[in-house]
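Colleague: Got a minute to walk me through this model? I'd like the overall picture and then a few residues.

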Amino acid sequence: MSRAIDILAADGTIDALIFTPDNADGPLPAVVLFTDIGGLRPCYHEKAQRIADNGYAVLMPNIYYRDAAGAIVPEGKSFRDPDVRPTLVEYADHLSPETQSRDFIALLECIDAEAEFADGKLGVVGYCMTSAFALRMAAEHPDRVAAVAGFHSARLAEADDPASLVNVVEAIKARVYFGHADKDELLPPEQIARMDEALARAGVHFTTELYKGAPHGYTAQDAAGSYHAEADELHYKRLATLLEETL
């Protein structure tokens with residue numbers, strides 16, 4: 001069960017969706033779901049609904065609202081198609097840490113205002129590049145975010161990057177879970193180690209798990225050659241446990 005909502009933000013109006021279980025009869029703990037680089041599309045609608053069905057109200061914003069509303073990937077196309085991906089990369093380049101921070105505020109204001117969401121702390125989950133968004137939101141709003149999950153994360157801890165998340169994790173109070181893709185060129189072992197070291201040094205309660213044999217993008221059902229059904233099911237299981245234990 002879902003409904004569309006427009007969220008007023010500093011940079012414009014975020015088009016978003018709220019998902020709840022079909023049998024919901026009151027407010028539920030909030031979960032913010034950030035899509036991967038492909039943006040809003042059917043496989044992420046299914047993902048948000050499956051998470052909601054465990055007893056949550058899931059807010060899924062269009063991360064590209066500054067450039068376009070709704071789905072960016074045309075029906076019948078893949079976000080990896082060579083005539084689609086350049087547009088997504090261009091839009092993704094507009095999502096600086098500063099723009100993300102302004103959007104976080106708008107999303108929290110939406111959660112505080114809408115009837116589907118219960119009072120209390122929330123969870124945030126990101127995929128690919130938006131694992132970094134989820135971590136940043138937890139770092140900037142430590143008293144609101146109780147759980148963070150990132151799956152097939154990308155570029156979390158590049159060396160000599162002043163915007164790297166390793167520089168802000170000391171503020172995180174949430175529990176953190178990572179499900180990393182095996183041999184992921186977008187998050188090589190040295191970056192995983194660098195992030196783990198930063199989280200450990202900051203005293204963050206975190207878990208890092210490597211999904212053996214799973215390629216980057218293993219949860220994206222519309223990514224031919226990347227989707228890995230076993231790893232996808234494991235990600236739902238781990239996420240359900242994290243949310244149950246924190247929210």
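Modeller: Here is a quick tour, from the whole chain down to single residues. It is a predicted model, so to speak of local features we need pLDDT of at least 70, side-chain atom pairs count only at pLDDT 80 or more, and totals for chains, interfaces and linings use all residues. Residues are numbered from 1 along each chain as its sequence is written, and side-chain values use heavy atoms, with hydrogens and water left out.

Colleague: How many helices and strands does the chain have?

Modeller: Six helices and eight strands, as DSSP runs numbered from the N terminus (helices H or I, at least four residues; strands E, at least two). From the N terminus the order is β-β-β-α-β-α-α-β-α-β-β-α-β-α.

Colleague: And what is the radius of gyration of the chain?

Modeller: 17 Å, which agrees with the value near 18 Å for a compact globule of 247 residues. That is taken over C-alpha atoms, and the globule rule is 2.2 Å times the number of residues to the power 0.38.

Colleague: What share of the residues is buried?

Modeller: Buried residues make up 54% of the 247. Buried means under 20% relative accessible area, exposed over 50%, partly exposed in between (1.4 Å probe, protein chains only).

Colleague: Which residues have the most contacts inside the largest nonpolar core?

Modeller: Tyr-64 and Met-195, in a core of 63 residues. Helix 4 (residues 131-140) gives the most to this core, with seven residues. Such a core is a set of buried Ala, Val, Leu, Ile, Met, Phe, Trp, Tyr and Cys residues joined through side-chain atoms within 4.5 Å.

Colleague: What does Met-195 touch?

Modeller: Leaving out residues up to four places away in sequence, its partners include Leu-135, Leu-156, Val-169 and Phe-178. Contact here means heavy atoms within 4.5 Å.

Colleague: Switching topic: which residue between strand 5 and helix 4 has a positive phi?

Modeller: Cys-128, in the loop between strand 5 (122-127) and helix 4. Its phi is about 55 degrees, although it is not a glycine. Most residues other than glycine have a negative phi.

Colleague: Is Cys-128 buried or exposed?

Modeller: Buried, at 10% relative accessibility. Lys-183 also has a positive phi of about 55 degrees, but it counts as exposed at 70%. Lys-183 sits in the loop between strand 7 (175-181) and helix 5 (189-202).

Colleague: Back to the other loop: what does Thr-130 touch?

Modeller: Phe-34, Thr-35, Asp-36 and Ile-63, not counting residues up to four places away in sequence. Thr-130 is buried, with a relative accessible area of 0%.
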